[in-house]
Amino acid sequence: MYIGVTIPIEHSSNIEVLFSQAQELGIRSCQIVCWDEEAMTSEKAEEIQNARRVTGMAISGFWCGWNGPRVWDFQQGPITLGLVPAAYRFQRIQTLLAGCSFACEIGVKNLITHAGFLPENPAASEYAEVCAALQIVVDACKAKDINFLFETGQETPVTLKRTIQDLGEDHIGINLDPANLIMYGKANPVDALEVFGEYVMDVHGKDGMYPTDGHQLGKEVPLGEGKVDYPRFIAKLKEIGYDGAITIEREISGEQQIKDIISAKKLLEPLLW
């Protein structure tokens, strides 16, 4: 295993500078995160490829956001996030298809996103509708030899596993965010690996607390200060044979974000060997 970091990009981003800043922290792998569809151009892809050649930065995945409202809570979340809300589904499928093409252009094998609050009842009509939408994206990824990765959090591990199995499993995997499983109150991430460990293709290094009411998610906190038991979590990843990136994600900005990334790296490094 090795350490990476999430690098958000926009149309105006200077990719080489962003890669160099990560490398100054001793990090040589990243997930590119993009919520700006205007940035997913051939010109930006070429810029990323050039920056990779100059800096030697590895990219473990392309995290593709989507347009429209997004509210990260338990009330508005189910009706605004991912491909679950029918009102935004068609537009977001198109964005993810563009993201699939962009991932291919930049030479990345994993396309990652939040699919939304996946229905837990497999007999519900909504479940079949969401699976049909996901199948369009999965088939496009498969055609380009790219993996479609669900980021964990908004669904229970067994619901996610069932969805992957129903979609056919080929070219499908999981971007495991252990903090999200806790912040959404869905699972202990160590135990979750017993359910879907064979599908894990990328991992976030993040930490958080369990929710304390039924309306708001649990709080994200610096890695090592939350409820993710990283010694046990990393040991379990080793047990199941995972040897990819642990990509640090700290969802704040400014100097404190940099300090927390450095601290997370120091905490993770001795656990990986």
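Is Tyr184 buried or exposed? Tyr184 counts as buried, at 5% relative accessibility. That's one small stop on a tour of this structure, which is a predicted model. Its strands make a closed barrel of eight, with parallel pairing, and nine aromatic pairs turn up in the structure. Here's a quick look around, topic by topic.

**The barrel**

- Going round the closed barrel, the eight strands come in the order β1-β2-β3-β4-β5-β6-β7-β10, and their pairing is parallel.
- On average, neighbouring strands of this sheet are turned by 30° against each other, if you ignore direction.
- Four bridges hold the pairing of β4 with strand β5 (residues 147-151), and the two run in the parallel sense.
- Look for Ile112 here: Leu149 in β5 stands opposite.
- On the sheet you'll also find helix α1 (residues 15-24), which packs there and touches β1 (2-9), β2 and β3. The direction of α1 makes about 150° with that of β1.

**Strand β7 and its neighbours**

- Strand β7 (residues 200-205) has six residues and five of them are buried, so β7 is largely enclosed by the rest of the structure. The cut-off behind that word "buried" is under 20% relative accessible area.
- On one pairing, strand β6 (residues 172-176) meets β7 in the parallel sense over three bridges. Leu176 has Val203 in β7 as its bridge partner.
- β7 also runs parallel to strand β10 (residues 245-248), and three bridges join the two. For Gly205, the bridge partner is Ile248 in β10.

**Tryptophans and an arginine**

- A pair of aromatic rings is described by how far apart the centres are and by the angle of the planes.
- Among the nine aromatic pairs is the one between Trp35 and Trp72, which is edge-to-face, with 6.3 Å centre to centre and 85° between the planes.
- Trp35 lies in the loop between β2 (29-34) and α2 (42-55), while Trp72 lies in the loop between β3 (58-64) and α3 (77-80), so this pair ties together parts that are 37 residues apart in sequence.
- Trp35 counts as partly exposed, at 27% relative accessibility. Trp72 counts as partly exposed too, at 33%.
- Ring pairs link Trp35, Trp63, Trp66 and Trp72 into a cluster.
- Arg70 joins in at Trp35: the charged end of Arg70 sits over the ring, 4.0 Å from the ring centre.

**Phe117 and Tyr184**

- Back to the tyrosine from the opening: Tyr184 forms an aromatic pair with Phe117. The pair is edge-to-face, at 5.9 Å centre to centre and with 65° between the planes.
- This pair links distant parts of the chain, 67 residues apart. Phe117 is in the loop between β4 (110-113) and α5 (125-143), and Tyr184 is in the loop between α7 (178-183) and α8 (189-196).
- Phe117 is buried, with a relative accessible area of 14%, and Tyr184 counts as buried at 5% relative accessibility.

**Helix α9**

- Which residues of helix α9 (residues 230-239) are buried? They are Tyr230, Phe233, Ile234, Lys236 and Leu237.
- These residues cover an arc of only 160° around the axis, which puts them on the same side of α9.
- On the face of α9 turned away from that buried side, you'll find the exposed residues Pro231 and Glu239.
- Just after α9 comes Gly241, which takes a positive phi of about 90°.

Key: Residues numbered from 1 in each chain as written. Predicted model: local features only at pLDDT ≥ 70, side-chain atom pairs only at ≥ 80, totals over all residues. Heavy atoms only, no water. Phe/Tyr/Trp six-rings, centres within 6.5 Å; stacked < 30°, edge-to-face > 60°. Buried < 20%, exposed > 50% of the residue type's maximum accessible area, 1.4 Å probe, protein only. Lys NZ or Arg CZ within 6 Å of the ring centre and 35° of its normal. Arc of directions from axis to C-beta. Pairing = 2+ DSSP bridges. Axes fitted to C-alpha atoms, helices over the stretch in contact; angles between N-to-C directions. Contact = heavy atoms within 4.5 Å.
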